[in-house]
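Good morning, and thank you for coming. Please take a moment to look at the structure on the screen before I describe it.

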Amino acid sequence: MLNKNTALQMHMLFNPRSYILISACLLGEKVRFDGKTKKVESLILERWQADKQLLSLCPEVAGGLTVPRPAAEIQDGDVINILGENISLNFHRGAQEALRLCKKHQIRMAILKEGSPSCGVNRINDGSFTRTKIIGQGITSTLLQKHGVQVFSEQQLNEAAAYFYVTLQQQAYRQD
Ligand code: SF4
């Protein structure tokens, strides 16, 4: 007779993988406004990549913006670039694309780049283009969280791993 822990481990072994949405720049894709990347070196990410668990997206590019592009920040709920153009529509399009991917692949967690007006999880710039950070969330991060996707920043990878290996697996186990 299997005890619950052994049964859970067997379930994890044989259950199909679940995807994690991740900001493309964190995986080394040169999609940032300045044409650069924000690649994160992490054994946790390496493991998930090797397991083909990660699905990358840049919401700003998905929303129709180019690389490079003028820097943008959130001002009173709108996204304004440094040229003064309101590009909120592109940001909302990108967020919708992220949500579409999550629904399509039943993704329940995301790892997003902290500080970005799209991907920021806990902090964003204050809209003054002086690199001043305030507590706040990007457009994509907000939309995903509103729809039940658990969002973590690249600075919270240990918490993300705990959520992935414990919470999600236990939820899947209970649903079986
Ligand atoms: S929108 Fe997100 S994925 Fe794209 S460059 Fe900015 S932080 Fe990275």
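I begin with I22, which stands opposite S56 in strand 2. Before I go on, please keep in mind that this is a predicted model. In that model, S23 also has a counterpart in strand 2, namely L57. Both pairs belong to the contact between strand 1, residues 20–23, and strand 2, which run parallel and are joined by four bridges. In general, strands of a sheet pair through backbone hydrogen bonds, in either a parallel or an antiparallel manner.

Let us step back to the whole chain. The protein has six helices and eight strands. Along the sequence they follow the pattern α-β-α-β-α-β-β-α-β-β-β-α-β-α. Of the 176 residues in the protein, 35% are buried. If we take contacts between residues at least 6 apart in sequence, 65% of them join residues at least 24 apart.

Now to the sheet. Which strands form it, and in what order? Four strands form an open sheet in the order 2-1-5-8, with parallel pairing. Its edges are strand 2, residues 54–57, and strand 8, residues 150–153, each of which pairs on one side only. On average, neighbouring strands of this sheet are turned by 25 degrees against each other, direction ignored.

How are strand 1 and strand 2 connected? Together with helix 2, residues 43–50, they make a right-handed β-α-β unit. The loop between helix 2 and strand 2 contains K52. The phi of K52 is near 55 degrees, a positive value in a residue other than glycine. As a general rule, most residues other than glycine have a negative phi. K52 counts as exposed because 9 other C-beta atoms lie within 10 Å, and a residue is exposed if that number is 12 or fewer.

I turn next to helix 4, residues 88–104. Helix 4 lies across strand 1 and strand 2, and runs at about 160 degrees to strand 2. Within helix 4 we find G94. Is G94 buried or exposed? G94 has 25 C-beta neighbours inside 10 Å, and therefore counts as buried, for which 20 or more are required. Leaving out residues up to four places away in sequence, G94 touches P59, E60, A62, G63, S118 and T140. The C-alpha atoms of G94 and C58 are separated by 7.7 Å, although these residues are 36 apart along the chain.

Several of these names return when we consider the ligand. Which residues surround the ligand? They are S23, A24, C25, V31, R32, C58, P59, E60, K113, S116, S118 and C119. By class, this shell has six nonpolar, three polar and three charged residues. S23, one of the residues around the ligand, is the residue that we met opposite L57. P59, E60 and S118 are among the residues around the ligand, and they are also among those that G94 touches.

Let us move to strand 3, residues 72–75, and strand 4, residues 78–81. Strand 3 and strand 4 pair in the antiparallel sense over four bridges. In this pairing, A72 stands opposite N81 in strand 4. The two strands form a hairpin with two residues between them. D76, in the turn, has a positive phi of about 50 degrees although it is not a glycine. D76 counts as exposed because it has 6 C-beta neighbours inside 10 Å.

The loop between helix 3, residues 59–62, and strand 3 holds P68. Which kind of peptide bond joins V67 and P68? The bond is cis, with omega at about -5 degrees. In general, most peptide bonds are trans.

My last element is helix 5, residues 139–146, in which I139, T140, S141, L143 and L144 are buried. What covers these residues includes helix 3, strand 4, helix 4, strand 5, residues 109–112, and strand 8. T140, one of the buried residues of helix 5, is also among the residues that G94 touches. Helix 5 is followed by G148, whose phi is positive, near 90 degrees.

To review, the open sheet has the order 2-1-5-8, helix 4 lies across strand 1 and strand 2, and strand 3 and strand 4 form a hairpin. Thank you for your attention.

Technical notes
Residues are numbered from 1 along each chain as its sequence is written. This is a predicted model: local features need pLDDT of at least 70, side-chain atom pairs count only at pLDDT 80 or more; totals for chains, interfaces and linings use all residues. Two strands pair if DSSP finds at least two bridges between them. Axes are lines fitted to C-alpha atoms, for helices over the stretch in contact, and angles run from 0 to 180 degrees between N-to-C directions. Two residues are in contact if their C-beta atoms, placed from the backbone, lie within 7 Å. A residue is near a molecule or strand if its C-beta atom, placed from the backbone, lies within 6 Å of it. Ala, Val, Leu, Ile, Met, Phe, Trp, Tyr, Cys and Pro count as nonpolar, Asp, Glu, Lys and Arg as charged, and the others, Gly among them, as polar. A crossover is right-handed if, with the strands pointing away from the viewer, the path from the first strand over the helix to the second runs clockwise.
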